[in-house]
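Hi there,

Here is the structure I promised to pass on to you. Please open it alongside this email, and my notes follow just below.

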Amino acid sequence: MSQVEENQVAPVVDENAPSKAALKKAAKEAEKAQKKAEIAKKQAETQPVYVPPKLTLEQMKDAKFGDMPLHQSQPEFTSDNQFTDIKLLTPGPVKIRAYLHNVRATGKSAFTILRQRQFTLQAVFFGEKDMIKYINSVPKESYVEVEGIYKASEQPINSCSISGFELEITRFFAITRAVSMLPLQVEDAARPDSAFEVKDTVFVKPGRDTRFDNRILDLRTPANQSIFKVRMAIQQSFMKFLIEKNFMQITSPKIISGSSEGGADIFSLQYFGQPACLAQSPQLYKQMSIAAGFQRVFEIGPVFRAEKSHTHRHLCEFTGMDIEVEVFQHYHEVLVILDQLMKFIFKNTLETCQEEIDFIRKQFDLKMPPTIEWTEETVIVDFRDGAKWLQEAGYKQSEVEDLNTENERALGKIVKEKFHTDFYILDKFPGSIRPFYTMPDVDDNRFSNSYDMFIRGEEICSGAQRIHDPEYLKERIVAKGINPDTLKDYIDAFRYGCPPHAGAGLGLERIVMLMLGIEDCRQCCLFPRTPERLTP
Ligand code: AMO
């Protein structure tokens, strides 16, 4: 071949290009499809709108399908509940109430998926056309009552959490119909991120605001239902452990007269003409309970912070889990309690919530390992050592300044490498960055008897030994630039004899988020409050 020939651009022959015949065929098919759509549209216009049967109480007795009358939705009280939980069904005739997760009808059958909490079950109907039409008319997310025969399925049903069984429907009633145009499809909200990342996917990922604006629907996803089960298990473990250790549960006031943490992040309000605010923590009242002779107290309650923080770990209202105890020889007595408490929470939650954790990991496509690592003897790092390790790793960190988020995470990594743990305690924080009630270190008053706990490099808890001497407390309050008159009752609490004491505050949403390895603590809060969100 000559050089000229070689350089000539040969016509591009695309072997995959459709032939003329194929193009003609495709055009014909498109034309056919258009005609079909036009006919269907005309039929829909001329056909009467389907009106589902609305049953009366009398008709309900014998009817096989229809919209239930309002009063039948609360049948007469009998001691034997005829309805079975979807997880407790046994083969044979059953009656359940559930959300209609999905519905699809063919000429001869109706396939539905019913959902209770995080569990789904396939229910099918083969039979009268009228009934198929009715079932198919019920919008997704409606609440339905279904009777049928529960039996083993011929093949595993991969689209449902209960895959080895199905329900053969005999009666089907809509209790309340959902609107047909839902603002958020539960199926979309429940899809793992990977489903949206597939090339040419038809799925549209719901945005975070759409989810939180329609939180009722968002909360119906299996992963979200599971998060709240895990959250409850953590609270229960917290309470169980402390009650066994002779703690007293308290409920402190949330409308208080002044700042409980000394900061400016307070929500102010008017209390019958007197200025008041929402409690930033139960701090003052848990200490006052110790002064009142309760010895060991705990509280689980709302905590309000007017922080304009837009991060994955800040809420304006969160759930605080607080403890306060009398200490006898050393404030590390409380670290022993906290250490045992956290390990009890970890173990108990992992044991009781395995199924829920699987649902959560599936929906959130979690990259992090499913369980956190911890050591038998908890690692306690002195703040000064932590600062030194950060400096050695090239981070700017002074011994007497707080950790920023980046350094906090970096220290978590260093600790993980050194000690193979995702859970550790940082002790002896600089006094200048801790609140007025914190007891300084007697040996070096630049530091204090205070500590934080971390999971996966993020703070979940703060605590300290407190000043139990009223005059010294007043001195520290003044030194922090706070008017002691605003804390008079609190200071006076220590004038009538008070044991030395220490305590800690844990953020529940952060623990849930970090234990599970999910991204944002808003997802661990039922109806989150952030600077931009006061509804729903
Ligand atoms: P602190 O202010 O560090 O300490 O709060 C204790 C724990 O509460 C969680 N937390 C938050 N969670 C969500 N959103 C927020 N905006 C938020 N702020 C804090 C964190 C934190 O570790 N009275 C002291 C505790 C004590 O000394 O007993 C206090 O409130 O997990």
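What follows is a short tour of what turned up, beginning with the domains and ending with a few backbone details.

Please keep in mind throughout that this is a predicted model.

**Domains**

The domain assignment splits the protein chain into three parts. Domain 1 is made of residues 57-71 together with 81-176, domain 2 runs over 186-218, and domain 3 spans 222-524. Taken over C-alpha atoms, the centres of domain 2 and domain 3 lie 34 Å apart.

**Where domain 2 meets domain 3**

On the domain 2 side, 11 residues make contact, and they touch nine residues of domain 3. Between them the two domains bury about 720 Å², with 39% of that area on carbon and sulfur atoms. Which three residues supply the most of what domain 2 buries against domain 3? They are Arg208, Phe212 and Arg215, and together they account for 45% of that area.

Arg208 also has a part in the charged pairing here: Asp520 forms a salt bridge with Arg208, and their closest N and O atoms are 3.3 Å apart. The count between domain 2 and domain 3 is one salt bridge. In addition, three residue pairs are found in polar contact across this interface, with both residues of each pair at pLDDT 80 or more.

As for secondary structure, the elements giving two or more residues to the side of domain 2 that touches domain 3 are α6 (193-197), α7 (208-213) and α8 (215-218). Of these, α7 gives the most, with three residues. By type, the residues on that side of domain 2 divide into six charged, four nonpolar and one polar.

**Around the ligand**

You will probably want to look at this part in detail. The ligand is surrounded by 22 residues, and the closest are Glu261, Gln283, Lys286, Glu459 and Arg466. Three polar distances may be handy for your setup:

- Arg305 places a polar side-chain atom 2.8 Å from an oxygen atom of the ligand.
- Glu307 has an N or O atom in its side chain that is 2.8 Å from a nitrogen atom of the ligand.
- Cys461 uses its backbone instead, with a polar atom 3.1 Å from an oxygen atom of the ligand.

**One strand residue**

Ile300 is found in strand β11, which covers residues 296-304. What does Ile300 contact, once its neighbours within four places in sequence are set aside? The partners are Gln235, Phe238 and Met239, along with Thr319, Gly320 and Met321. Glu187 is 113 residues from Ile300 along the chain, and the C-alpha atoms of the two are separated by 34 Å.

**Backbone details**

A few spots deserve a look before you prepare the model. The peptide bond from Thr535 to Pro536 is cis, with omega near -10°, and Pro536 lies in the segment after α17 (508-516).

Two residues other than glycine have a positive phi. For His420 phi is near 55°, and this residue sits in the loop between α14 (405-419) and β14 (423-427). For Lys428 phi is near 70°, and the place of Lys428 is in the loop between β14 and β15 (450-455).

Happy to talk any of this through whenever suits you.

Best wishes

Technical notes
Residues numbered from 1 in each chain as written. Heavy atoms only, no water. Domains from an automatic or database assignment. Contact = heavy atoms within 4.5 Å. Buried area = accessible area lost by both parts, 1.4 Å probe. Salt bridge = Lys/Arg side-chain N within 4 Å of Asp/Glu carboxyl O. Polar contact = N/O pair within 3.5 Å; in protein donor to acceptor, adjacent residues only side chain to side chain. Helix = DSSP H or I, 4+ residues; strand = E, 2+ residues; numbered from the N terminus. Nonpolar A, V, L, I, M, F, W, Y, C, P; charged D, E, K, R; others polar. Near = heavy atom within 4 Å.
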